[in-house]
Amino acid sequence: MKKIIASVFVITLFGSSVYASGCSEMAAFNTKIKKALKTASFNEKTLANIRNLQSECKRQHDMGIAVSAISSCNKALDLVAVN
């Protein structure tokens with residue numbers, strides 16, 4: 001019984017740290033996009049593309065993929081010229 005409780009505790013501890021690191025990565029992505037949208041002007045088509053890419057990025061990130069490995073995240077950053 002002690003082994004089961006210890007295992008659950010360890011899994012929860014590691015799982016929460018992985019999830020937290022993903023959140024900060026997504027938060028950094030969103031901050032970069034928001035800052036770029038405030039400082040630059042884009043036409044409606046480009047804004048729509050950025051919003052679609054952001055949504056796709058968030059969807060894939062919610063599935064557990066790192067932001068840096070998601071092509072839609074990278075494309076959105078390229079559109080706003082943030083590296």
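Start by selecting Gln60, which sits in helix H2. The model on screen is a predicted one. Gln60 has a relative accessible area of 17%, and the cut-off for buried is under 20%. Gln60 is therefore buried. Show what surrounds the side chain. Beyond its neighbours within four places in sequence, Gln60 is in contact with Ile65 and Ile70.

**Zoom out: the whole chain**

Colour by secondary structure. The protein chain has three helices and zero strands. Followed along the sequence, the pattern reads α-α-α. Of its 83 residues, 25% count as buried. Now think about sequence separation. Among contacts with a separation of 6 or more, 60% join residues 24 or more positions apart.

**Back to H2: Gln54**

Select residues 44-62, which form helix H2. Pick out Gln54, also placed in H2. Is Gln54 buried or exposed? Its relative accessible area is 12%, so Gln54 is buried. Leave aside the neighbours within four places in sequence. Gln54 then contacts Phe29, Asn30 and Ile33. Select residues 2-39 as well, and you have helix H1.

**Next stop: Cys57**

Stay in H2 and move to Cys57. Cys57 counts as buried, at 0% relative accessibility. Which residues does Cys57 touch, not counting those up to four places away in sequence? They are Met26, Phe29, Val67, Ile70, Ser72 and Cys73. Ile70 is worth keeping displayed, as it is also in contact with Gln60. Phe29 can stay on too, being a contact of Gln54. Then draw a distance from Cys57 to Asn74. The two are 17 residues apart along the chain, and their C-alpha atoms are separated by 8.8 Å.

**Across to H3**

Select residues 71-79, helix H3. Its buried residues are Ser72, Cys73, Ala76 and Leu77. They span an arc of only 140° around the axis, so they lie on the same side of H3. Two of these names are familiar from the last stop: Cys57 touches Ser72 and Cys73. Step past the end of the helix to Ala81. This residue follows H3 and has a positive phi, near 60°.

**H2 against H3**

Show both helices together. Two packed helices are described by the angle between their axes and the distance between the axes. For H2 and H3, the angle is about 150° and the axes are 8 Å apart. That makes H2 roughly antiparallel to H3, since an angle over 145 degrees counts as such. The crossing of H2 past H3 is left-handed.

Now select the residues that meet:

- From H2, take Asn49, Ile50, Leu53, Glu56 and Cys57.
- From H3, take Ser72, Cys73, Lys75, Ala76 and Leu79.

Colour this set by residue type. The contact divides into six nonpolar, two polar and two charged residues.

**Last stop: Leu37 in H1**

Move to Leu37, in helix H1. Its relative accessibility is 18%, so Leu37 counts as buried. What does Leu37 contact, once the neighbours within four places in sequence are left aside? The list is Phe42, Leu47, Ile50 and Arg51. Ile50 has come up before, among the H2 residues that meet H3. Draw one more distance, from Leu37 to Ile50. They are 13 residues apart in sequence and 9.5 Å apart in space, C-alpha to C-alpha.

How values were computed: Residues numbered from 1 in each chain as written. Predicted model: local features only at pLDDT ≥ 70, side-chain atom pairs only at ≥ 80, totals over all residues. Heavy atoms only, no water. Buried < 20%, exposed > 50% of the residue type's maximum accessible area, 1.4 Å probe, protein only. Helix = DSSP H or I, 4+ residues; strand = E, 2+ residues; numbered from the N terminus. Arc of directions from axis to C-beta. Axes fitted to C-alpha atoms, helices over the stretch in contact; angles between N-to-C directions. Parallel < 35°, antiparallel > 145°, perpendicular 65-115°, else oblique. Left-handed = near helix turned anticlockwise from the far one by under 90°. Contact = heavy atoms within 4.5 Å. Nonpolar A, V, L, I, M, F, W, Y, C, P; charged D, E, K, R; others polar.
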